[in-house]
Amino acid sequence: MPRIIKIGRSNKNTIIVDIEHRKISREHAEIIKIGEEEYLIKDLNSTHGTFVNDNRIKQTQLTKDCKLQLADFEIDIDSLLLKIDSVDFNKQIEYTKILKQKEILAKFDKLENIYEQYKKDKRKIERGGGLKKTGLRAVLALIPFIGNAIGIMLGHTIDVRKQLDDLNEQFKIDYVCPICYKFFGFIEPFENIKKRGYCGRGRCNAKWNTH
Ligand SMILES: [Zn+2]
């Protein structure tokens, strides 16, 4: 009888993906062992796809030197095939064990830049707003129709606020855990998250501290 491993977010799978990892479907893919060192991979109509060597597949052969991705995450083929070959094959295992750790780390490392850039941009907008306000105040004294000047000033304040809002909205999308995509918040510096070494949001298992 061929051995089959199913991967997905549903707890019926052999490899249960973190429920918070939303890009993985409930039943995402299955791997079938069809012979000694011979495997097939089948996509189970997942939303974000299964990729072998960068091609989205329905079903194809899987070998140890393939590059395998579920949605946008690369899978550690060795761990995966080790699992299908193992004696306690029926035991469910944690998804993070078959995820390429370097993949999580690479995504996590990008957050440092995102955080630094956010702080820079925020300062720039605030400072820019401050400078222009001073300028406007000077102009205000020269304009006889004060109503107009106030209009300009209000418009400008709204503009600064809008820029900050846009920046914050984008930050909420970018400064997120690479697995569960939950926002790390405005106040937690990258350093803290790095030191902590894990996500800790909801039931997310993502780790980036491998020591
Ligand atoms: Zn997370």
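Ile41 stands opposite Thr60 in β7, and this contact belongs to the pairing of β4 with strand β7 (residues 59–62), which is antiparallel and comprises four bridges. The model described here is predicted, and the strand pairings below should be read with that in mind.

On another side of the account, β4 (residues 38–43) is also joined to β3, the two running antiparallel with six bridges between them. Within this pairing, Ile41 of β4 is the bridge partner of Ile31, while Leu40 of β4 is the bridge partner of Ile32. The hairpin that β3 and β4 form has two residues between the strands, and in this hairpin Glu37 takes a positive phi near 60°.

In a regular strand the side chains alternate between the two faces of the sheet. Strand β4 shows such an alternation: Tyr39, Ile41 and Asp43 point to one face and are buried, whereas Glu38, Leu40 and Lys42 point to the other face and are not buried.

Strand β3 (residues 29–35) pairs in turn with β1 (residues 3–8), again in the antiparallel sense, through five bridges. Here Ile4 stands opposite Ile32 of β3, the residue whose bridge partner in β4 is Leu40.

The pairings that have a stated number of bridges are collected below.

| Strands | Sense | Bridges |
|---|---|---|
| β1 and β3 | antiparallel | five bridges |
| β3 and β4 | antiparallel | six bridges |
| β4 and β7 | antiparallel | four bridges |
| β8 and β9 | antiparallel | three bridges |

Strands of a sheet pair through backbone hydrogen bonds, either parallel or antiparallel. An open sheet of four strands has the order β6-β5-β8-β9, with antiparallel pairing. Its edge strands are β6 (55–56) and β9, each of which pairs on one side only. At the β9 edge, three bridges join β8 to β9, and Phe73 in β9 is the bridge partner of Leu70.

The loop between β8 (68–70) and β9 (73–75) contains Asp72. Asp72 has 13 other C-beta atoms within 10 Å, and therefore counts as partly exposed, since a residue is called exposed at 12 or fewer such atoms and buried at 20 or more. Along the chain Asp72 and Ile24 are 48 residues apart, yet their C-alpha atoms are separated by 8.9 Å.

Conventions:
Residues numbered from 1 in each chain as written. Predicted model: local features only at pLDDT ≥ 70, side-chain atom pairs only at ≥ 80, totals over all residues. Pairing = 2+ DSSP bridges.
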